[in-house]
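Biologist: Could you walk me through the ligand sites in this one? I'd like a close look at how the protein wraps around what's bound there.

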Amino acid sequence: MGGHVDRIAEPWGGRTPYARGGTWPVRVDTYLADGLDQAAVQRWVQSASILHSDGDAMDVAVRDGRIVGVRGRAVDRVNHGRLGPKDLFGWQANASPDRLTRPLVREGGRLVESDWDTAMGRIAGRTRQLLEERGPGSIGFYTSGQLFLEEYYTLAVIARAGIGTHHLDGNTRLCTSTAAEALKESFGCDGQPGTYDDIDHADTIALFGHNIAETQPVQWMRVLDRLDGADPPRLVCVDPRPTRVARLADVHLAPRVGTNVALLNALLHEIVRTDRVDHAYVAAHTVGYEELARRVAGTTPEWAARICDVPAARIREAAEVLGTAARLLSTVLQGVYQSHQATAAAVQINNLHLLRGMLGRPGAGVLQMNGQPTAQNTRECGADGDLPGFRNWQNDQHVADLARVWNVDPSAIPHHGPPTHAMQMFRYAEQGTVRMLWISGTNPAVSLPELRRIRSVLAQDRLFVVVQDLFLTETARLADVVLPAATWGEKTGTFTNADRTVHLSDKAVDPPGEARADLDVFLDYAARMDFRDKDGGPLVDWHDPESAFEAWKRCSAGRPCDYTGITYEGLRGGSGIQWPCHTGAPRGTPRLYTDGVTWAAPDVCETYGKDLVTGAATEAVEYRALNPDGKAMLKAADYLPPHEEPDERYPFQLTTGRTLYHFHTRTKTARAPQLDGAAPDVWVEASAADAAAHGLAEGDLVQVATARGALRGRLRITGIRPGLLFVPFHYGYWDTPSGQGPAEGVPGRAANEATVTDWDPVSKQPLFKTAAAALTLVERGDGTAAPAPTTTASAPVDGAPGTAPRARTTVGGPSAYVTESGPLPWDEYGGDRA
Ligand SMILES: Nc1nc2c(c(=O)[nH]1)N[C@H]1C(S)=C(S)[C@@H](COP(=O)(O)OP(=O)(O)OC[C@H]3O[C@@H](n4cnc5c(=O)[nH]c(N)nc54)[C@H](O)[C@@H]3O)O[C@H]1N2
Ligand SMILES: Nc1nc2c(c(=O)[nH]1)N[C@H]1C(S)=C(S)[C@@H](COP(=O)(O)OP(=O)(O)OC[C@H]3O[C@@H](n4cnc5c(=O)[nH]c(N)nc54)[C@H](O)[C@@H]3O)O[C@H]1N2
Ligand SMILES: [Mo]
């Protein structure tokens, strides 16, 4: 092993097997452009990946002031040197010639080049005017899961205490709001219980709606290495598509989409029926067992089989594996989170772990996964619909404490109701109460559901739209002011991955033209607005990333996400550090809840919880009555059918999601030739049975229509469950001839033309995974296969009509060759060698 590997053709690279309880060997992946060798690199600058939530640490290679490649960091606890395809090639987008280099402002209907003073002057001017005429509720901020901690914290202080608006949320609403909510419902507080190291120790790994092979390829490499080593784990996969995970699973359940709660209740039924319950753990650390046991008494595998269309025997088999595991690791992601009972379902996976006492021990953990690289920071800094530091907006003590940190009066921080969630913010903009929307680091004109509506909301004259991005995205084209942002590699800051690992990303090169770091933009705005604390001092009294980080540390002190023991210096050179990190845990904390649940006490908890059906908030008195001792909460949920079911007109279920080679709306990955080449255009996945029934063949141009809108793409016939269609949501229209989106009534190619404006009542996460759709032929193919990768869940099935010709097999060629070292022993090359 070792050598050069085409990492488009072999995305996971070579195997470095290891045994259960061993340490994952190091394998250093290096990619340098233009055949450069390492001697040509002038500087290596420490960073971590910003194209998923894994937090894979890397060094950025710099030559003559330009990024020329990347190398995985051997010393890092997360990736032990490995990188995925997006990390290896995605950085090339930084140097794309179409980066925004100057601010743009709208003049006479057109966006024209301007300067920072004019652009920021307009934003501050409009803010002042709106504050005077309509008050703080007329201003909204919609941010990201891709900026840095320092930027979110600054924005949260500005929005909450400076402007005093309720309307601040992240695109994390679309991404991890259910992860946060499920943790709050079960444990009283956000905070990932498990750690990636649990993969080393687990004897069973269960993945619920999580295509980890494509969306966190480096942790999948770790699973593959375990599978190739001694004492491999058993894999359980719940996913309606034939993902790589599904294909290697010991038990694969492919339910009808939108039926997770039924399936999970049947699994819990079996755990209780066969008495695989850890009664000592349950008695010591939980409340709610009697109620949960009662509610799953009738949810037999036979009952669930009818709802989920999965054989009852298969459900029993899965329950047997889960019930007999001694060290169970579960992961949960969008197949659970982006549906109508998202929180209810995610909570049942927490329940599985609580019933089985599978928490806080090596190999026994749950990962309510994040998606975006910095989504955890959006949440903890309060740039989503929460207060900073996981403070409880219903708890006056918490609000007072935050006011103390900010030196403002508690009444300056809006807390009369829950902060506004993103879907509601767009509704307010549609209805005209929100008149200014500042969008940073997200592309809602492609990523929100029901795009025709979103375009019309953003295009309104009365709404002043600010977009802060690297490129003239679909969203930026609808803005009144466009601010050119610096990105990863061009600015310094920290961020936290899905297992609470904090990494530092240092500036490697200058941003293009006049582009500025998001932090500098927010600081400039705060200065122009002259926000003050209650003693007349500046509200935002920091000036650069490190001083912002120090300010955040003061806000996090004593809270679950305590950063007080972390410094920039401590992060440099070494590995990432898992919060909480403070004097009592100076090297960080690998696992939460090693000795029962700690943050659910009524005075400490982030929330008093919500009703899992209606989302109505529980009051403090009720919470105290339910959970006086602050234990974990076993919350039951009855299955409810999806809001939209197939009918005669729309006979298919439609689900959407990702492919390995692209990130979201492709602003970065479409500008990296290796990644773009692997998946250059949208496609539609259907089963061989459905294709045959509709007389369709591989490569045919088809239309997918729902009650909202339609899109077109080439058909790929896969092993997806019959009755289900899948469309990747990456393909917007900035790189199409008009760049403007489809004209009224004309089908587009973005999946979200067809998705529905609807959300989980508890987490308010939109439903991207279930809709009812029609599939029709537009035009016969010419024998060419669909532009879908063959290495992933979109691999063609053998023997289907017009199966993809071999020529389409996904390869990268010489430009995709990556050097892989090793395997090298972790103790020598990684570990604590800082
Ligand atoms: N390559 C790549 N990696 C990424 C990203 C990316 O854009 N590209 N984005 C990052 C982000 S922000 C996120 S949020 C994550 C998302 O990571 P994932 O959640 O792993 O990705 P998805 O493709 O959205 O959905 C996962 C799976 O859910 C399944 N699914 C659909 N409906 C259901 C259902 O009803 N029940 C069950 N059990 N499964 C269902 C789909 O078949 C799909 O395989 O990926 C992160 N990593
Ligand atoms: N149909 C469907 N829709 C979905 C999903 C799905 O599965 N199906 N998944 C949802 C999920 S989980 C997510 S996370 C969202 C993602 O949706 P988006 O967040 O809208 O997608 P991105 O393309 O990541 O947009 C990020 C934008 O930020 C810009 N950017 C990158 N770095 C920086 C920076 O440092 N500063 C600034 N200012 N800008 C920067 C990029 O150029 C890009 O335009 O999509 C959601 N939408
Ligand atoms: Mo996401």
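Let's start with ligand 2: by class, how many nonpolar, polar and charged residues does the shell around ligand 2 have?

Modeller: Sure. Keep in mind that this is a predicted model, where local features need pLDDT of at least 70 and side-chain atom pairs count only at pLDDT 80 or more, while totals for chains, interfaces and linings use all residues. Residues are numbered from 1 along each chain as written, chains are lettered from A and ligands numbered from 1 in written order, and side-chain values use heavy atoms, without hydrogens or water.

On to your question: the shell around ligand 2 has 10 nonpolar, 18 polar and six charged residues. Here Ala, Val, Leu, Ile, Met, Phe, Trp, Tyr, Cys and Pro count as nonpolar, Asp, Glu, Lys and Arg as charged, and the others, Gly among them, as polar. That's 34 residues around ligand 2, with Gln146, Asn171, Ser447, Asp469 and Thr665 the closest; to be near, a residue needs a heavy atom within 4 Å. Strand β17 (464-469) and strand β23 each supply at least two of the shell residues; strands are DSSP E runs of at least two residues, and helices are H or I runs of at least four, numbered from the N terminus.

Domain 2 (104-176 + 374-556) and domain 4 (652-802) both contribute to this shell, so ligand 2 lies between them; the domain bounds come from an automatic or database assignment.

Now for the polar contacts, meaning pairs of N or O atoms within 3.5 Å. Lysine 491 puts a polar side-chain atom 3.0 Å from an oxygen of ligand 2. On the nitrogen side, an N or O atom in the side chain of aspartate 518 is 2.7 Å from a ligand nitrogen, and one in the side chain of arginine 658 is 3.1 Å from a ligand nitrogen. The protein covers 99% of the 920 Å² of accessible area that ligand 2 has on its own, by the Shrake-Rupley method with a 1.4 Å probe.

Arg658 turns up again at ligand 1, where it is among the nearest of 31 residues, along with Thr215, Asp239, Gln334 and His662. Ligand 1 lies between domain 3 (177-369 + 621-633) and domain 4, since both give residues to its shell. Backbone atoms come in here: a polar one of glutamine 334 is 2.9 Å from a ligand oxygen, and one of histidine 662 is 2.5 Å from a ligand nitrogen. The cover over ligand 1 is 100% of its 900 Å².

Conventions
A polar contact is a pair of N or O atoms within 3.5 Å; within protein, one must be able to donate a hydrogen and the other to accept it, and residues adjacent in sequence count only if both atoms are side-chain atoms.
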